[in-house]
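Trainee: Before we start, could you show me the structure and take me through how its features are read?

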Amino acid sequence: MAYLTDRKRAMGMGSAKSGTAHFWAMKVSSVALLILIPLFVFTFGSALGGTYEEIIAYYSRPFPAIVAALTLIVGFKHFNDGVQVLIEDYVHGLSQKVAIILMTCLSYGAAAVGVFAIARIAL
């Protein structure tokens with residue numbers, strides 16, 4: 001019977017590496033979304049029901065455009081981090097790496113399209 005200490009049992013199992021940084025990134029983006037989502041709802045809600053010209057004029061102002069762009073960027077970054085955790089927990093091997101790459105491309109691509117659309121409207 002081998003008597004192993006907890007440290008000896010854990011040796012060679014690998015480290016969490018970026019777990020703390022990932023945890024804090026999720027917390028920071030959550031707090032940012034707590035502020036941005038109500039701002040986005042109020043700015044977007046006041047534009048609902050307007051004509052095309054009114055919406056273009058409304059989002060040509062800096063505040064609604066910036067709030068919408070920040071909400072998209074932070075929201076998709078938060079989505080990417082959350083999906084990455086899910087994939088790391090439930091998918092293993094090569095398919096894990098492929099799924100993380102695909103979801104990262106999808107989330108950053110969707111954020112880029114959204115920011116481009118807002119910039120196109122605002123400018």
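Mentor: Let us begin with exposure, where a residue is called exposed when its relative accessible area is over 50%, buried when that area is under 20%, and partly exposed in between. Please keep in mind throughout that this is a predicted model.

Trainee: Taking the segment after H5, is Leu 123 buried or exposed?

Mentor: Leu 123, which is found in the segment after H5, has a relative accessible area of 86%, and because that is over the 50% cut-off the residue counts as exposed. As for its place in space, the C-alpha atom of Leu 123 is separated by 23 Å from that of Gly 75, the two residues being 48 apart along the chain.

Trainee: Which class does Ser 107 fall into, and what does it touch?

Mentor: Ser 107 lies in helix H5, and its relative accessibility is 0%, so it counts as buried. If residues up to four places away in sequence are not counted, Ser 107 touches Phe 76, Phe 79 and Asn 80.

Trainee: And how should I read Thr 71 in helix H4?

Mentor: Thr 71 has a relative accessible area of 10%, and it is therefore buried as well. Once its neighbours within four places in sequence are left aside, Thr 71 is in contact with Leu 33, Leu 36, Ile 37 and Phe 40. One of these partners, Ile 37, has its place in helix H2 and counts as partly exposed because its relative accessibility is 38%.

Trainee: Where do Gly 82 and Val 98 stand on that scale?

Mentor: Gly 82, whose place is in helix H4, counts as partly exposed at 23% relative accessibility. Val 98, found in helix H5, is also partly exposed, with a relative accessible area of 40%.

Trainee: How far apart in space are pairs that are separated along the chain, such as Gly 82 and Met 26, or Val 98 and Val 41?

Mentor: Separation in sequence and separation in space have to be read as two quantities, and these pairs illustrate the point. Gly 82 and Met 26 are 56 residues apart along the chain, with their C-alpha atoms separated by 7.7 Å, whereas Val 98 and Val 41 are 57 residues apart in sequence and 35 Å apart in space, C-alpha to C-alpha. For Ile 37 and Ala 122, the corresponding values are 85 residues in sequence and 20 Å in space.

Trainee: Which residues make up the largest nonpolar core, and which helices supply them?

Mentor: The general idea is that, in soluble globular proteins, nonpolar side chains tend to be buried together. In this model the largest nonpolar core has 7 residues, namely Ala 47, Tyr 58, Tyr 59, Ala 65, Ala 68, Ala 69 and Ile 118. Helix H3, covering 52–59, and helix H4, covering 62–90, each supply at least two residues of this core, and the largest share, 3 residues, comes from H4.

Trainee: What is Tyr 59 in contact with?

Mentor: Apart from its neighbours within four places in sequence, Tyr 59 is in contact with Thr 43, Phe 44, Ala 47, Pro 64, Ala 65, Ala 68, Ile 121 and Ala 122.

Trainee: What volume does the largest pocket have, and which residues line it?

Mentor: The largest pocket has a volume of about 170 Å³, and its lining consists of Phe 40, Phe 44, Ala 47, Leu 48, Ile 55, Tyr 59, Ala 68, Leu 72, Ile 118 and Ile 121. The elements that give two or more residues to this lining are helix H2 (19–47), H3, H4 and helix H5 (94–122), with the largest share, 3 residues, coming from H2. By residue class, the lining divides into 10 nonpolar, no polar and no charged residues.

Trainee: Which residues does UniProt list as "transmembrane region", and what is the helix content there?

Mentor: An annotation should be kept apart from what is computed on the model. The unreviewed UniProt entry lists residues 59–79 and 100–122 under that name. In the model, residues 59–79 are 90% helix and 0% strand, with the end C-alpha atoms 25 Å apart, while residues 100–122 are 100% helix and 0% strand, with the end C-alpha atoms 33 Å apart.

Note on methods
Residues numbered from 1 in each chain as written. Predicted model: local features only at pLDDT ≥ 70, side-chain atom pairs only at ≥ 80, totals over all residues. Heavy atoms only, no water. Core = buried A, V, L, I, M, F, W, Y, C linked by side-chain atoms within 4.5 Å. Buried < 20%, exposed > 50% of the residue type's maximum accessible area, 1.4 Å probe, protein only. Helix = DSSP H or I, 4+ residues; strand = E, 2+ residues; numbered from the N terminus. Contact = heavy atoms within 4.5 Å. 1 Å grid on protein atoms, 1.4 Å probe; cavity = no way out; pocket = protein on both sides within 12 Å on 5 of 7 lines; lining within 4 Å. Points joined across faces, edges and corners; volume = space filled by probe spheres on them. Nonpolar A, V, L, I, M, F, W, Y, C, P; charged D, E, K, R; others polar. UniProt positions renumbered as here; feature names shortened; annotations may be inferred.
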